[in-house]
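Student: I'm new to this one, and I'd like a close look at a single part instead of a full tour. Could you pick a residue and walk me through its surroundings?

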Amino acid sequence: MAVTYYGKRLLLLLVWWCVILSAAGYLKTQPMASRKIEDCIKTLQVAWVKAEALYKQRHPTAPKVFLTCTHRSEEEQLELYAIGRTKPGRIVTNLKKGSNHNCYPSRAFDVAFRKNPTTLVWDAVHFTAFAKCVAEVAPMVKWGGNWKKFKDLPHFEFTGEEEVG
């Protein structure tokens with residue numbers, strides 16, 4: 001499968017991001033962000049379960065979608081915000097604090113795709129396919145790939161009011 005232009009850019013950004021975080025000591029000294037869907041609000045928990053199942057059904061031979069972040073501490077968010085500002089690298093987030101990942105329960109999750117246990121796939125086509133599944137099962141969940149200024153293909157968030165009950 002050919003890697004698209006956006007897939008290459010996203011892969012290079014991820015590799016660069018990991019190198020910068022490692023060089024800064026962030027990956028060694030800070031706890032890893034949560035990947036547990038239970039750390040998200042109920043709306044996102046339901047959206048994830050349904051969208052993942054629909055994606056598997058529609059794309060049985062495609063790379064497997066998995067959660068990369070459901071919740072991160074404010075300290076982790078501040079570390080990410082510093083990259084490209086007070087730490088070396090390109091800016092990876094526009095939010096200093098108060099992101100949808102920082103509240104608890106979280107109001108956002110990020111995904112990636114795994115071809116096999118050691119190979120991640122960052123082609124935009126997979127993010128787009130998964131985003132279509134999310135939109136179908138949970139239209140109230142917004143995709144970062146639709147943002148105008150800062151395209152965030154792995155990001156999904158709920159900004160509405162959570163129904164109680």
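Tutor: Sure, let's take Glu-157, and keep in mind that this is a predicted model. Leaving out neighbours within four places in sequence, Glu-157 is in contact with Leu-44, Asn-100, Arg-107, Ala-108, Met-140, Val-141, Lys-142 and Trp-147. Glu-157 itself sits in strand 5, which covers residues 155-157.

Now for its charge. Glu-157 is buried, yet it has no salt bridge. The nearest side chain of opposite charge belongs to Arg-107, and that is 8.4 Å away. A salt bridge needs the side-chain nitrogen within 4 Å of a carboxyl oxygen, so this pair doesn't count as one. What Glu-157 does have is a polar contact of 2.8 Å, side chain to side chain, with His-155.

Next, follow Leu-44 from that contact list. Leu-44 is one of the buried residues of helix 3, along with others including Ala-47, Trp-48, Ala-51 and Tyr-55. Helix 3 runs over residues 42-58, and its 17 residues reach 24 Å from first C-alpha to last, close to the 24 Å expected. In an α-helix there are 3.6 residues a turn, so residues three or four places apart point the same way. Strand 5 is among the elements covering the buried residues of helix 3, and so are strand 1, strand 2 and helix 5.

One last stop: the loop between helix 4 and strand 2, where you'll find Pro-105. The peptide bond joining Tyr-104 and Pro-105 is cis, with omega at about 0°. Back just after helix 4, Gly-84 takes a positive phi of about 90°.

Note on methods:
Residues numbered from 1 in each chain as written. Predicted model: local features only at pLDDT ≥ 70, side-chain atom pairs only at ≥ 80, totals over all residues. Heavy atoms only, no water. Helix = DSSP H or I, 4+ residues; strand = E, 2+ residues; numbered from the N terminus. Buried < 20%, exposed > 50% of the residue type's maximum accessible area, 1.4 Å probe, protein only. Lys, Arg positive; Asp, Glu negative; His and termini not counted. Polar contact = N/O pair within 3.5 Å; in protein donor to acceptor, adjacent residues only side chain to side chain. Contact = heavy atoms within 4.5 Å. Expected span 1.5 Å × (residues − 1).
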